[in-house]
Amino acid sequence: MLAVAAAASLALTACGSGDTAAQQTTGSAAPSTAASSAPAAKGDGTLTLGTVLPQTGSLAFLGPPEFAGVDLAVKEINEAGGVLGKPVAKYDADSGDTTTNIASQSVDKLLAQKADAIIGAASSSVSESIIDKITGAGVVQFSPANTSDTFTTIQDNGLYFRTAPPDKLQGRVLGDVVVADGNDAVAIMAMQDSYGSGLADQVKATAEAAGATVVERVDYDPKAADFSADVARIKAKNPKAVVLIGFEETAKVVAELVKQGMPADKVKWYMVDGNMSNTNYVKMPKGTLNGVKGTTPGAEAPEEFRKRLAEVAPELDDYTYSAEAYDAANLIALAAEAAKDDSGRSIAAKLPDVSKGGEKCKTFKECVDLLKAGKDIDYDGVSGPVEFDAAGDPAVATIGVYQYGEDNTFPGKALEYRTGNIEG
């Protein structure tokens, strides 16, 4: 039984290079000819973070808030004295998407730059494509946005973690919302990969358990140039609601739904974190997405946190997964401090310890002072309590339910938040 509860009150509490690593606090990963299989440096005394997050590709809209979250964390960590007495070094790199080999090339560069931990990717499929290379090198991979259930059981040498919850919770919340809105005949269009198919499975199971009928499900190729046949299959079953699970290609699906006489004011549309974008649909006719609901993991980024983000990213206007990225960087730094070692394996061993069971603290400075005083800590982040289970997943998570307006964007504040145990 789903252990969720409306929790709107949680809204305010809660996906250039230089010559030396020490210079790399905000720059891009530099080219290197070193082999990608080279093991990460162990115990060199400098915590080196790499990021492989979307600067290009189908999730590029998630890049700015994620980079900003990491940048803010590194800024604050270094202002507090750094890790192990030295400034944290950081290299940024592009993850691209599954249509390119950019992520693999980026990981090669980051490993050559002796990254101890790599934050990313945003896309679950991209992370799957690079997880062996990262964890095989003894480096921590920590995603702020991967939600595919695949990662709960994937072979990762104990080195993979995430602050975003598995889709089993998002799928349950979305399925509940669809049925609660009075939709007893539901269709699902999902991109065909581990993210799309897994999330579709959970939405379908939840909706059917609540008494609705999934009248049609289409798992499509996101690279397809045309979605007319897919939408025609959906239309033929006369659904009251259509759940759209995908990335930026959803804009083409939306256009086809309108073309075939299934606009959002006739058939209710529902979306997920992968396509809940404030940039993807703004050029469409006004009101195209008006009333469309969707889910995104994580509580609302508090106003005070947004103001701090503006210090490193003044133009930022989308905060999706910024808190999760910020918490990822802080947790890695605290784990290195707790281990008194910056190597990937030492960090991984301490990540569960610093996330639960000790004295609660909410900032790197507060937490590291406790560690230096010999105390056990429990970091409660901006994105939530972040208590890791044995699989490196957050044990408890919050899902926000958002709604689009006339301008085809959705406001930063959700209609509601639902918090629950991942396994509940």
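## Strand β2, its neighbours and Lys90

Gly50 of β2 has Tyr91 as its bridge partner in strand β3. This is a predicted model. The pairing of β2 with β3 (residues 89-94) is parallel and extends over six bridges. Between these two strands the chain passes through helix α1 (residues 63-79), giving a right-handed β-α-β crossover.

Gly50 also stands opposite a residue of strand β4, namely Ile118. β4 covers residues 117-120 and runs parallel to β2, with four bridges joining the two.

The pairings of β2 are set out below.

| Strand paired with β2 | Residues | Sense | Bridges | Residue facing Gly50 |
|---|---|---|---|---|
| β3 | 89-94 | parallel | six bridges | Tyr91 |
| β4 | 117-120 | parallel | four bridges | Ile118 |

How many of the residues of strand β2 are buried? In β2 (residues 48-53), six of six are buried, and the strand is mostly covered. The cover applies to both faces: Thr48, Gly50 and Val52 lie on one side, while Leu49, Thr51 and Leu53 lie on the other, and all are buried.

Strand β3 also contains Lys90. Is Lys90 buried or exposed? Lys90 counts as buried because its relative accessibility is 0%, and the cut-off for buried is under 20%. The side chain of Lys90 takes part in polar contacts with two acidic residues' side chains, Asp71 at 2.8 Å and Asp92 at 2.8 Å.

Methods. Residues are numbered from 1 along each chain as its sequence is written. This is a predicted model: local features need pLDDT of at least 70, side-chain atom pairs count only at pLDDT 80 or more; totals for chains, interfaces and linings use all residues. Side-chain values use heavy atoms; hydrogens and water are left out. Buried means under 20% relative accessible area, exposed over 50%, partly exposed in between (1.4 Å probe, protein chains only). Two strands pair if DSSP finds at least two bridges between them. A crossover is right-handed if, with the strands pointing away from the viewer, the path from the first strand over the helix to the second runs clockwise. A polar contact is a pair of N or O atoms within 3.5 Å; within protein, one must be able to donate a hydrogen and the other to accept it, and residues adjacent in sequence count only if both atoms are side-chain atoms.
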